[in-house]
Structures are given as C-alpha cells and as structure tokens.
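Reader: I am a first-year student, and I would like to learn how the words used for a structure follow from its values. Could you take me through one, step by step?

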Amino acid sequence: MPNAILDPTGTTAKATARAAPRAPRPASLRGKRVGLLINTKRNARPFLTELGRLLRESYDVTLTERTKVNFAVPEPEDVIKDLAAEADVIVTGVGDCGSCSAAAAADGVVFEAAGLPVAVIVTDSFRATADAMAELRGAPGFGYATTAHPVAVLTEDQVKQRAAEVLDDVVALLTS
Amino acid sequence: MIDTERIEALATSLATDGYHLEVTERGSRVSAVITAGPEACEDCLVPKDFMRGILANALGADGEEIDITYPADNSEGN
C-alpha cells in the first residue's frame, strides 16, 4: 500500500513534491460497498443519507456510515483504515465551510492513496480552499462533486433535491 | 510575486465564513493577516499550520517565510 502520510502541516512548499496516488476505478458501482464519511456540519448527514439511498436504489450498493470526529481537521488514520477495510468506494462531505472543505479534501487524498476511489462533496464557495488543500497534499486537480453554497440552511426536501443533483457527478467520480 | 488570482480565490472562500484576508509582501517575507467579521464562523477557519501550508503553495513560498496573523492572535494582544 502506498504511504499516504505527508507533511501534516505543509510548512514547506516542498511538501507537494511527490504526487499523491489515485485509486483505480471500478467500471460500475453495482454491488459495491459504499462508505459514507459524514462530517458534522448541519445537513451533512441527511445529504449523505439521501445520496446513499439513491446509490442503493440505482446500483444495489451496501452502505457503511462513519461520522467524523472533528469536521475541521483531517480524520485520524485509524478511522480512515477502518472505513477503508469495510468499503470499496467512499463518499464524504459536505464541505460547506473553509475548515471542513479543506479537511474533506485531505481525507479524500488519503483514501485515494489507500486504494479507494472517493467522491468529496464541497459547496462551490469552498472549491478554492479544497483545491488548495489537495494541492498541498500532492493531489493537484483533485476532483469534487460540488453543490451550491450554503447547505446548512436548506430544508429537508431541499437537501434531498441537492443530493439528487450531485448523484451523477458522484458516480462519475467513483467509476472509470 | 504574489499570485493574486489564487489569493483572491482563497480570500473569497474565507469571506464566505466571515473572514477577511490581506496578503502583503514585506521584502523577502510575506504577511498574511486574517481578521474576523462580526458573523465569522469560529470553527470554520483552518488551523494556522494548515493555512501556512495552503498559503505557501498558493504563493510558491516557503511556509517559514510567511507571517500569519489570526484573529485570536489579535485578541490575545500578540
């Protein structure tokens, strides 16, 4: 397994010298195990729960959920390993603030290095922050599924609508 | 030289969380001052070490050459 540990602070620009690996993609999600890594931002759980429901409905996936310890920082390595052992692909989010978008991007880079395709969901306002963190972690050009900011204030029905809107992008990110 | 486009993109993201970013060059060093507006989301600002890395990449500079001031630094009188 590639070593996913990079300079956690990125104190020097040299931290980006080695490109982070990208996991191979399955041709389809049918029958795959999908890990949902839910940050604790408002509406992240119903957003990913609905997205998981749609994936199960469309691709007969099985779902595993984990909740981030702290939305503002990258997830501890043991949590990443646990989820990686129980899933074939990962969906994480929702990054609708600076710290949670950066942390989601950092988590995504680690999952990819661990061999798991990942779909990181961020709001459009924080794409730049997520890009900056991904580049810092050696993954320039990292792909995201984006939805309009904000998510936190949406109603239950609006959250479901947003989840449906990113479904195709999430599938595209996770498959070849 | 400061990549204004990248810095402006970061500043726009920070502004969404209620923060203002000002980046200035001071000789061989770069100063990045982040101030909080009245509606700033306290938990939404990345830890300073991560911000240092992000800015170092955006600026193409060594992180040690960037002086970062966070809102908490000002409130503590630093």
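Author: Let us start with Pro150(A), which in this predicted model lies in the loop between β5 and α5 (156–174) of chain A.

Reader: What kind of peptide bond joins His149(A) and Pro150(A), and what is its omega?

Author: The bond that joins His149(A) and Pro150(A) is a cis peptide bond, and its omega is about 0 degrees. Another cis bond runs from Gly93(A) to Val94(A), with omega near 5 degrees, and here Val94(A) has its place in strand β3 of chain A.

Reader: Which value of phi draws attention to Asn43(A), and why is Asn43(A) called buried?

Author: Asn43(A), which sits in the loop between β1 and α1 (44–59) of chain A, has a positive phi of about 80 degrees although it is not a glycine. Its relative accessibility is 14%, and buried means under 20%, so Asn43(A) counts as buried.

Reader: Asp60(A) also has a positive phi; is Asp60(A) buried or exposed, and how do you know?

Author: Asp60(A) is in the loop between α1 and β2 of chain A, and its phi is near 55 degrees, a positive value in a residue other than glycine. The relative accessibility of Asp60(A) is 53%, and the word exposed is used for values over 50%, so Asp60(A) counts as exposed.

Reader: What makes the strands of chain A a sheet, and in which order do they come?

Author: Strands of a sheet pair through backbone hydrogen bonds, either parallel or antiparallel. In chain A, five strands form an open sheet in the order β2-β1-β3-β4-β5, and the pairing is parallel. The twist averages 20 degrees from one strand to the next.

Reader: How do you know that β1 and β2 of chain A pair?

Author: Two strands pair if at least two bridges are found between them, and strand β1 (residues 33–38) of chain A pairs with β2(A) in the parallel sense over six bridges, so the condition is met. Within this pairing, Gly35(A) stands opposite Thr64(A) in β2(A).

Reader: Which helices lie across these strands, and at what angles do they run?

Author: Helix α2 (residues 77–86) of chain A lies across β1, β2 and β3 (89–95), running at about 175 degrees to β2(A). Helix α4 (residues 127–136) of chain A lies across β4 (118–123) and β5, running at about 165 degrees to β5(A). Read along the sequence, chain A follows the pattern β-α-β-α-β-α-β-α-β-α, with five helices and five strands.

Reader: Why is Asp107(A) called buried, and what is Asp107(A) in contact with?

Author: Asp107(A), in helix α3 (residues 98–113) of chain A, has a relative accessibility of 1%, which is set against the cut-off of under 20%, and therefore Asp107(A) counts as buried. Leaving aside neighbours within four places in sequence, Asp107(A) is in contact with Leu37(A), Lys68(A), Pro74(A), Glu75(A) and Ile80(A).

Reader: What makes Ala23(A) a buried residue, and which residues does Ala23(A) touch?

Author: Ala23(A) is found in the segment before β1 of chain A. Because its relative accessible area is 4% and buried means under 20%, Ala23(A) is called buried. Not counting residues up to four places away in sequence, Ala23(A) touches Glu112(A), Gly115(A), Leu116(A) and Pro117(A). Ala23(A) and Glu112(A) are 89 residues apart in sequence and 5.0 Å apart in space, C-alpha to C-alpha. For the chain as a whole, 54% of the 176 residues of chain A count as buried.

Reader: Why is the meeting of Arg6(B) and Glu135(A) called a salt bridge?

Author: A salt bridge asks for a side-chain nitrogen of Lys or Arg within 4 Å of a carboxyl oxygen of Asp or Glu. The side chains of Arg6(B) and Glu135(A) meet at 2.7 Å, N to O, so the pair satisfies the rule. Across the interface of chain A and chain B, the rule finds one salt bridge. On the side of chain A that touches chain B, α4(A) gives the most, with six residues.

Reader: How much area do chain A and chain B bury between them, and how many residues are in contact?

Author: The two chains bury about 1800 Å² between them, 62% of it on carbon and sulfur atoms, and 26 residues of chain A are in contact with 22 residues of chain B.

Conventions:
Residues numbered from 1 in each chain as written. Chains lettered and ligands numbered in written order. Predicted model: local features only at pLDDT ≥ 70, side-chain atom pairs only at ≥ 80, totals over all residues. Heavy atoms only, no water. Helix = DSSP H or I, 4+ residues; strand = E, 2+ residues; numbered from the N terminus. Axes fitted to C-alpha atoms, helices over the stretch in contact; angles between N-to-C directions. Contact = heavy atoms within 4.5 Å. Buried < 20%, exposed > 50% of the residue type's maximum accessible area, 1.4 Å probe, protein only. Buried area = accessible area lost by both parts, 1.4 Å probe.
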